[in-house]
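Please look over the model shown here before reading my comments. They are numbered so that you can check each one against the structure.

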2 protein chains.
Amino acid sequence: MAEHPTSQARRPANRGPKAAAGNRAALVAAAREIYAVHGLDAPLSMIARRAGVGQGVLYRHFPDRDAVAAAILEENVREIEQAAAVEGATLAGVLGVLTWHQVRSAAFIGLLHAEGARGRAPGAARELADRVGRTLRGCLPAGGRAGAPDARDDLMLAVAMVSGAVSGGATHEERERRALAAWRLLGITVGPVRPFEG
Amino acid sequence: MAEHPTSQARRPANRGPKAAAGNRAALVAAAREIYAVHGLDAPLSMIARRAGVGQGVLYRHFPDRDAVAAAILEENVREIEQAAAVEGATLAGVLGVLTWHQVRSAAFIGLLHAEGARGRAPGAARELADRVGRTLRGCLPAGGRAGAPDARDDLMLAVAMVSGAVSGGATHEERERRALAAWRLLGITVGPVRPFEG
């Protein structure tokens with residue numbers, strides 16, 4: 001995520017209405033890179049510049065910071081879904097991608113808490129959290145494992161617990177170390193902690 | 001904590017310098033009751049009134065809201081220490097008292113995260129979190145259990161994980177249900193979830 005400007009960043013500033021979807025994708029990718037390096041207070045103008053579009057184009061897609069954050073969360077969830085859709089995907093592998101986002105994004109952790117707080121969380125967050133829950137449950141072997149009859153119900157609780165462990169870490173390294181120790185305490189196998197690269 | 005005014009609330013408003021410690025204790029007790037019922041936005045004047053002291057007395061002990069919150073957290077930690085100091089205390093019993101505070105206080109959960117985030121948390125929070133850690137470790141059987149060689153290091157991580165589970169609940173009941181399910185997933189026995197009553 002902390003890569004240098006991609007080829008997208010060097011596209012001409014105005015690509016016309018047909019390029020709207022491309023502009024949007026470039027803006028989301030740029031926002032993730034900028035936020036990863038400069039934090040959530042980075043100016044939106046920096047994101048527009050990195051995406052190679054004018055600020056007017058940015059505001060057309062994202063009226064405010066919250067809209068940018070929502071688009072990134074949506075993209076995080078989509079990556080988890082894509083990781084699960086790959087031929088031969090395992091729960092461990094998908095949990096590795098999920099953990100990668102937990103370690104790097106406080107907003108993503110807030111989203112996962114929305115799953116437990118159905119009455120309270122805004123509809124959009126709840127919907128995204130539900131998608132994560134459905135995706136993970138879809139990775140479970142049919143019928144559940146012996147000795148883990150409640151695995152379906154408990155999976156999102158386990159994810160919330162790992163979020164709690166991660167929240168106590170001050171650096172990415174410490175957060176990842178705590179996440180892996182938490183999964184180990186839960187007796188759940190997790191694959192490499194890494195982004196999904198389709 | 002949601003009791004009606006205690007005898008302390010009906011003491012005369014000004015008890016002079018010698019009663020300072022008593023005033024302070026009455027203010028902390030009153031703040032816990034008021035916050036439990038009215039939330040953290042309750043006016044400080046309500047706390048003074050419940051404690052039966054003037055607002056000047058309150059401000060002498062607690063210059064601002066943060067000072068009140070810090071005193072309550074200190075009192076929560078003291079209760080956990082007292083629960084552990086009782087003859088025949090068990091880890092399960094002490095965890096029941098700790099869980100009671102986790103379920104009822106977002107501030108207490110923030111405090112527990114301070115344990116993992118040593119570099120970041122303010123000194124006072126870190127010191128309180130360390131006291132919780134020391135207290136729980138003191139309840140472990142000497143030499144650790146068979147099959148749980150890392151129990152000492154893992155105990156505060158487990159507490160952070162339960163905090164993560166609790167955070168997802170919208171009501172006290174839901175938070176307690178999630179806390180107990182989390183301890184169960186961790187395979188750690190927890191006694192009744194209740195305040196320490198010395």
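**Notes on a predicted model**

1. Start with one residue. A25(A) is found in helix α1 of chain A, which covers residues 20-38. This is a predicted model, so treat every value below as computed from it. A25(A) has a relative accessible area of 42%, so it counts as partly exposed. Now look along the chain. A25(A) and A71(A) are 46 residues apart in sequence. In space, their C-alpha atoms are 9.5 Å apart.

2. Next, take chain A as a whole. Its secondary structure comes to nine helices and zero strands. Read from the N terminus, the elements run α-α-α-α-α-α-α-α-α. Chain A has 198 residues, and 48% of them are buried. What share of its contacts join residues at least 24 apart, among those between residues at least 6 apart in sequence? The share is 62%.

3. How are the two chains related? Chain A superposes on chain B after a rotation of 180°. The shift along the rotation axis is 0.1 Å, and the RMSD is 0.0 Å. The two copies are thus related as by a two-fold rotation axis. Check the interface as well. Of the interface residues of chain A, 100% are also interface residues in chain B, so the copies meet through the same surface.

4. Now the interior. In soluble globular proteins, nonpolar side chains tend to be buried together. Here the largest nonpolar core has 74 residues. Which residues have the most contacts inside it? They are L136, W183 and L186 of chain A, and L136, W183 and L186 of chain B. Follow L186(A) as an example. Leaving aside neighbours within four places in sequence, L186(A) is in contact with A158(A), M161(A) and V162(A). On chain B, the contacts of L186(A) are M161(B), L185(B) and L186(B).

5. Turn to chain B and its helix α7, residues 123-139. Helix α5 of chain B covers residues 91-104. The axes of α5(B) and α7(B) come within 9 Å and cross at roughly 155°. Parallel or antiparallel? The angle makes α5(B) roughly antiparallel to α7(B). Their crossing is left-handed. On the α5(B) side, the contact uses L91(B), V94(B), L95(B) and L98(B). On the α7(B) side, V132(B), L136(B) and C139(B) take part. Note L136(B), which is also listed among the residues with the most contacts inside the largest nonpolar core.

6. Helix α4 of chain B, residues 65-85, also packs against α7(B). The angle is about 10°, and the axes are 10 Å apart. That makes α4(B) roughly parallel to α7(B). This crossing is left-handed too. The α4(B) residues in contact are L73(B), E74(B), V77(B), R78(B), I80(B), E81(B) and A84(B). From α7(B) come L128(B), R131(B), V132(B), T135(B) and C139(B).

7. α4(B) has another partner, helix α1 of chain B, residues 20-38. Their axes come within 10 Å and cross at roughly 95°. α1(B) and α4(B) are therefore roughly perpendicular to each other. R24(B), V28(B), A31(B), R32(B) and Y35(B) make the contact from α1(B). The α4(B) residues they meet include V68(B), A71(B), I72(B) and N76(B).

8. Stay with N76(B), which lies in α4 of chain B. Buried or exposed? Its relative accessibility is 3%, so N76(B) counts as buried. Leave out residues up to four places away in sequence. N76(B) then touches R32(B), H101(B), S105(B) and F108(B).

9. Compare two residues from the far part of the numbering. A181(B) lies in helix α9 of chain B, residues 172-185. Its relative accessible area is 11%, so A181(B) is buried. A181(B) and A165(B) are 16 residues apart in sequence, with their C-alpha atoms 8.6 Å apart. T189(A) sits in the segment after α9 of chain A. At 62% relative accessibility, T189(A) counts as exposed. T189(A) still touches A92(A) and L95(A), not counting residues up to four places away in sequence. T189(A) and G93(A) are 96 residues apart in sequence, and their C-alpha atoms are 8.9 Å apart.

Terms used:
Residues numbered from 1 in each chain as written. Chains lettered and ligands numbered in written order. Predicted model: local features only at pLDDT ≥ 70, side-chain atom pairs only at ≥ 80, totals over all residues. Heavy atoms only, no water. Least-squares fit on C-alpha atoms with pLDDT ≥ 70 in both. Contact = heavy atoms within 4.5 Å. Core = buried A, V, L, I, M, F, W, Y, C linked by side-chain atoms within 4.5 Å. Buried < 20%, exposed > 50% of the residue type's maximum accessible area, 1.4 Å probe, protein only. Axes fitted to C-alpha atoms, helices over the stretch in contact; angles between N-to-C directions. Helix = DSSP H or I, 4+ residues; strand = E, 2+ residues; numbered from the N terminus. Parallel < 35°, antiparallel > 145°, perpendicular 65-115°, else oblique. Left-handed = near helix turned anticlockwise from the far one by under 90°.
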